[in-house]
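Colleague: I would like a close look at a single part of this model. Please take one helix and go through it in order.

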Amino acid sequence: MSLAENAGAVRPVSPLWTFGLLRSELTTTFRRWRTLALLAVLAGVPVLVGIAVKMETSDGSSPGGGGGGGPAFISQITNNGLFLVFTALAATLPFFLPMAIGVVAGDAIAGESNAGTLRYLLVAPAGRSRLLLTKYATVVIFCLAATLVVAVSALTVGALLFPLGDLTTISGTQISFAEGLGRALLIALAVAASLIGVAALGLFVSTLTGSGIAAMATTVGLLITVQILDQIPQLHALQPYFFSHYWLSFADLMREPVYWDDLAKNLGLQALYAAVFGSAAWARFTTKDITA
Amino acid sequence: MGELSAGEPVIATRALTKRYRGGQLAVDGLDLTVPAGSVFGFLGPNGSGKTTTIRMLMGLIESTSGTATVLGQPMPRATRAVLPHVGALIEGPALYGFLSGRDNLIRYDSADPAADPRTRKARVAAALDRVGLTAAAGKKAKAYSLGMKQRLGLAAALLQPRRLLVLDEPTNGLDPQGMREIRTLIRELASDGTTVFLSSHLLDEIEQVCTHAAVMTQGRLITQGAVAELSAGARGRLVVTTPDPSEAARVLKEQGVGDVVVTDDRVTGEPPDRDLADVNAALVTAGVRVRGFTVERASLEDAFVALTGEGFDVAG
Ligand SMILES: Nc1ncnc2c1ncn2[C@@H]1O[C@H](COP(=O)(O)OP(=O)(O)OP(=O)(O)O)[C@@H](O)[C@H]1O
Ligand SMILES: [Mg+2]
């Protein structure tokens, strides 16, 4: 067959073909050994928490209150396995989840640049804006996948180790198990949305350097720094602008009625981060010399 | 995208200049013209700015000044319209080590919004076949040898029918058999009407496959044109093989041969303007036993050395 036989002919281009890149990006990301390892770690956290609670309470005592396990969820796990979902999300949101996002987002552009594959994507031609958008979409989908992995693992472990049934909200009212499941899904979505800011920040860092490792380390470093600064009382004027400031607002979904204020602030803040760092990443990436 | 009008070059640059951040002037006022249908050799020693030029042509880096058009359209502004018609191998192949060779090609093909996903499998298989990788297509790319990676990179450039192929040192890392195959492939593609732009520092490679060539040193273009004209520019050398080299050298100098060099039983020099039969007769008359008497055609290498004056060394 002659490869040049159609040379010069105008090829029909379907607008749908452009999504081929997103599909390729998703399969490439989720086939990486590193991505799978991150998801495995995330799936392991609820297992550890569940087993720890089970062992601590096997003598009939109730587990010690709160202690990092989020707002009073952990003490309810023995009564209702569904609370393991809330506990696991509260336990992974401060560090494990954003770290996983930081690794994937930080590597998104810098890793391709490091491997040299970026230049071939660009001459394909992927288009710089299209490639960046695809990368961001993939990281956001990874946020959702990572959160769901924690939630599903927690639900499975909770169902295996503990009884399931109606549950009591933070406000003290009873809701059915079905409604509880619905709340759990909402909480997972709120947690995933909480990570959108970190994702944008990581992607921006990723456009700054040609080293995937450096981008991942910087993103995770920023994450830890912001979390520490969020604890320093003197900085309280700045703290409402830290991407992690309203993260624990997801617990408000377990109130009756739901208390929306902080949830809305969190979503607004994440959107702000996505807009600011998304634009910065775009400005940087579309003008950058690709020499690697 | 429209056809080029007749005679319009496939690549044309005007005063194209690139100064990297850090101040290195890598390409300096380049005026390059690549005619349609040519196999164009882009020659130059290491660091002379070949890859930098290719990066500018492919829209990977922005020029500091000057303009470049590819397939009649300005780059980097028209990347979206131009690049689907261009296959490129730039500074060696780059692959996803954890994907198989086939999946690497699928990945690159998906990145092209003008590539039809319905024909993707068939086109990937055809490209693999074309570079002789069908048997290794399922192997992870990290387990490929250097030459196999190079072949896979070439396959990526051949995923679509192309109007222009830009190949930066395509035979790097290939065994002699592989080099021959690539040359054959290039000739085949060229006979189909694809313009091939080939950078190399292997002069004989350029001489074997190229119809046109350009020579760079230190970011500047020294010459460009048809290969035949370029090597015609450098004069051939008279070579006399004889067991009496010192006597032969004396006679040749008398006969007006310049730059006479003696190495073992070979005496070489620049042929004089007079009839060479007279030179040969003079040798015989002087009792020089002549085993061989020929004029070696000037190679592109001679032309290159004559042009750069300094041979093939890297400038700092
Ligand atoms: N990313 C970069 N930043 C700064 N200077 C660079 C960069 N890439 C190349 N250079 C410099 O630009 C000049 C031209 O380099 P280029 O890679 O274009 O040469 P080349 O002709 O392709 O060489 P080779 O035959 O070794 O591939 C060199 O002096 C090199 O040091
Ligand atoms: Mg080079």
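Colleague: Where in α4(A) is the kink centred, and about how many degrees is it?

Modeller: The model is a predicted one, and what follows is computed from it. The kink in α4(A) is centred on Ala108(A) and comes to about 50 degrees. The helix itself takes in residues 96–115 of chain A, 20 residues in all. From its first C-alpha to its last it reaches 26 Å, which is close to the 28 Å expected at 1.5 Å a residue.

As for its surroundings, 17 of the 20 residues of α4(A) are buried, so the helix is largely enclosed by the rest of the structure. The cut-off for buried is a relative accessible area under 20%. Phe96(A), which belongs to helix α4 of chain A, does not meet that cut-off: because its relative accessibility is 33%, Phe96(A) counts as partly exposed.

Phe96(A) also takes part in a surface feature. Together with Val41(A), Phe95(A), Ile224(A), Ile228(A) and Ile232(A), Phe96(A) makes a nonpolar surface patch of about 470 Å². Residues qualify for such a patch with over 30% relative accessible area and no salt bridge, and the 33% of Phe96(A) is the value to set against that cut-off.

At the other end, α4(A) is followed by Gly116(A). The phi of Gly116(A) is positive, near 85 degrees.

Key:
Residues numbered from 1 in each chain as written. Chains lettered and ligands numbered in written order. Predicted model: local features only at pLDDT ≥ 70, side-chain atom pairs only at ≥ 80, totals over all residues. Heavy atoms only, no water. Helix = DSSP H or I, 4+ residues; strand = E, 2+ residues; numbered from the N terminus. Expected span 1.5 Å × (residues − 1). Bend = angle between axes of the 7 residues up to and from the residue. Buried < 20%, exposed > 50% of the residue type's maximum accessible area, 1.4 Å probe, protein only. Patch = residues over 30% accessible without salt bridge, like charges linked within 9 Å, V, L, I, M, F, W, Y side chains within 5 Å. Areas by Shrake-Rupley, 256 points an atom, 1.4 Å probe, with all protein chains shown as cover. Salt bridge = Lys/Arg side-chain N within 4 Å of Asp/Glu carboxyl O.
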